[in-house]
Every structure is written in structure tokens, then in C-alpha cells.
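User: Please take a close look at a single part of the model shown below. I would like a connected account of one helix and its surroundings, with the cut-offs stated.

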Amino acid sequence: MTRHIISVLVENEAGALSRIAGLFSARGYNIESLTVAPTEDASLSRMTVVTSGSEDVIEQITKQLNKLVDVVKVVDLSEAEHIERELMLIKVRAGQKDREDMKRMADIFRGRIIDVSDNTYTIELTGDGRKLDAFIQALDQAAIIETVRTGTSGIGRGNRVLRI
């Protein structure tokens, strides 16, 4: 079972997300993360679906996605060089004695402190999932108050583009 990042260009219409999620659920395929946003063309949205499976399963998913009426194009980014990023917002305890350590940890991982209160910092961090996981592991687990992650977004490297 290998991890795949599948980019799907869809018509920007109501129900498209539901049909795609339904396809995965009906066949028992797991969606590890899902991001959706409009593209530079307002009539199209781009979905990035992260899933795992054998080559046969991924091929089947791709074929089934291509059959959906809203789907314009499907690309498995994992088949070639690509860039992937995820955004995480993490709220941590940062009392007076912990502030310097938290700031140093955010700096080491190239994070930004975006909100400060008397007892907390909210840190913004971007990178691949391994980097975000490493940041969480590096912290004292008792210091973590809340974590929000966007899921993976990806784009092909160089001249490789997803367009109609």
C-alpha cells in the first residue's frame, strides 16, 4: 500500500465534492486528506485527495473518477516529481517561563507565531506532513492545546500542469 496524491479538476458546481467522496466511500477506499478550492478559472475547482492503495486500487480509483460527470481531469501527482505542502495551526501553552523555548522551537521549524495571549502562542507552520509531525513530536505533549491541519495540497514540478 503506497500513498498517492491525486489531483482532480472538477466543474465548480454543487454536489461535485459529494459525488467524489461518495465514490470513495461506496468502494471502501479511505481518504486520508482532502482539500478543495477554486482555480484561476472560476468555473473549475481543484481537489487534492490523499489516499493509499496498491497500484491496481489507485488505477481503479482514477478510472472511476474519470467516469464522474463533474470531473474534467485526473492526475496522480505521485507518479512524477511534485511539491506538497500542508498548513498547521497549533495552539500551545506558553506561560512566562516557557515563552522563549516555544519561540525557539517555532524558529527551528521555520514557523511563525501568529497570536499571543497571556498563556498561549498560536503557531503557523507549513511543510510536508513529516515536518509537521516532527514539530508535534518535538513539543512536550502537555503543552499542546489544539491542532488544526489543512491536509496536503500538491502541484507538479516544472512544466507539469493540471489544465484542460
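Across which strands does α1 lie, and at about what angle to β3 does α1 run?

Analyst: α1 lies across β1, β2, β3 (44-53) and β4, and its direction makes an angle of about 15° with that of β3. The model is a predicted one, in which local features need pLDDT of at least 70 and side-chain atom pairs count only at pLDDT 80 or more, while totals for chains, interfaces and linings use all residues. Residues are numbered from 1 along each chain as its sequence is written, and side-chain values use heavy atoms, with hydrogens and water left out. Helices (H or I, at least four residues) and strands (E, at least two) are DSSP runs numbered from the N terminus. Axes are lines fitted to C-alpha atoms, for helices over the stretch in contact, and angles run from 0 to 180 degrees between N-to-C directions; contact means heavy atoms within 4.5 Å.

The strands beneath α1 belong to an open sheet of 4 strands in the order β2-β3-β1-β4, with antiparallel pairing. Two strands pair if DSSP finds at least two bridges between them. β2 (33-38) and β4 are the edge strands, each pairing on one side only, and the twist from one strand to the next averages 15°. Between β1 and β4, which run antiparallel, there are 5 bridges; S7 has V75 of β4 as its bridge partner. A second helix, α2, lies across β1, β3 and β4, running at about 5° to β1.

The buried side of α1 comes next. A16, I20, L23 and F24 of this helix are buried, where buried means under 20% relative accessible area, exposed over 50% and partly exposed in between (1.4 Å probe, protein chains only). These residues cover an arc of only 95° around the axis, which puts them on the same side of α1; the arc is that of the directions from the helix axis to the C-beta atoms. An α-helix has 3.6 residues a turn, so residues three or four places apart point the same way. The buried residues of α1 pack against β1, β3, α2 and β4. On the face of α1 turned away from the buried side, S18, S25 and A26 are exposed. After the helix comes G28, with a positive phi near 75°.

F24 deserves attention of its own, with a relative accessible area of 1% that places it among the buried residues. The search of the whole structure finds 2 aromatic pairs. In one of them, the ring centres of F24 and Y29 are 6.4 Å apart and the planes meet at 80°, so the pair is edge-to-face. Rings of Phe, Tyr and Trp (its six-membered ring) pair if their centres lie within 6.5 Å; planes under 30 degrees apart count as stacked, over 60 as edge-to-face and the rest as tilted.

α1 also takes part in a salt bridge, defined as a side-chain nitrogen of Lys or Arg within 4 Å of a carboxyl oxygen of Asp or Glu. The side chains of R19 and D70 meet at 2.4 Å, N to O. This pair links distant parts of the chain, 51 residues apart: R19 is in helix α1 (residues 16-26), and D70 is in the loop between α2 (55-67) and β4 (71-76). D70 counts as buried at 6% relative accessibility, whereas R19, at 37%, counts as partly exposed.

The whole structure holds 10 salt bridges. Another of them involves β1, one of the strands that α1 crosses: E84 and R3 meet at 2.9 Å, N to O. E84 is in strand β5 (residues 82-93) and R3 in strand β1 (residues 2-11), so this pair ties together parts that are 81 residues apart in sequence. E84 is buried, with a relative accessible area of 16%, and R3 is partly exposed at 39%.

For comparison, α3 can be described in the same terms. R99, M102, M105 and A106 of α3 are buried; seen down the helix axis, its buried residues fall within an arc of 130°, so they line one face of the helix. They pack against β5, β6, β7 (120-127) and α4, while E100 and I108 are exposed on the other side of α3. R110, with a positive phi near 55°, follows α3.
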